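Welcome! Take a moment to look over the model below, and then let us walk through a few of its features together.

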Amino acid sequence: MTLRDEAGTLVASESGYASLDVVRVGEVSPFTILFFSEVGDWSTYEVTVEASEANFLESYRDFEVISSSGTTGDFWAYEIVGEIRNTGSQDAEFVQILVILNNTDGQIIGTDFTYWDFDKVTAGGTSPFTILVSYTSEDDIDHYELLVEGSTVD
């Protein structure tokens, strides 16, 4: 991502990664770009996306969000608690739950993730989860979307 001022001069540049391990054709993935040094005034941004074909196993996506609710938590974080189920026929590991926060205009205003509470979850198993999003204004949050992916157990 590059940030430029009104004259088109480069102000800052930084890179990051998609939050999903594998982004399938037609899918979207949240991402976060952190600027580690102070950024001056900027007026435009440009995002350049690079991708390559995955050379490893496809991510496992046979999950269902059974329940979830979001509220302002401690320390000005937005807290989402819920439960998910492995609906597939395979045991899963390294399960990641991602959240995308949206405002009333549908714009993405925050994203974060957590990992499933267990090392391995058998087919049909469930797990509670909590995601703490470092976001400071609950009033702007209209809705959120949860994405879940993991790996199959060898």
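Two strands pair if DSSP finds at least two bridges between them, where strands are DSSP runs (E, at least two residues) numbered from the N terminus. This is a predicted model, in which local features need pLDDT of at least 70, side-chain atom pairs count only at pLDDT 80 or more, and totals for chains, interfaces and linings use all residues. Residues are numbered from 1 along each chain as its sequence is written, and side-chain values use heavy atoms, with hydrogens and water left out.

**The sheet.** Strand β5 (residues 78–86) runs antiparallel to β9, and eight bridges join them. One partnership links Ile 80 to Ile 131 in β9. These strands belong to an open sheet of three, ordered β4-β5-β9 with antiparallel pairing. At its edges lie β4 and β9 (126–133), each pairing on one side only.

**Two loop residues.** Buried means under 20% relative accessible area, exposed over 50%, and partly exposed in between (1.4 Å probe, protein chains only).

| Residue | Loop | Relative accessibility |
|---|---|---|
| Ser 29 | between β2 (10–13) and β3 | 17%, buried |
| Val 47 | between β3 (44–46) and β4 (63–72) | 39%, partly exposed |

Beyond its neighbours within four places in sequence, Ser 29 is in contact (heavy atoms within 4.5 Å) with Ala 18, Ser 19, Leu 20 and Val 23.

Definitions and conventions:
Helices (H or I, at least four residues) and strands (E, at least two) are DSSP runs, numbered from the N terminus.
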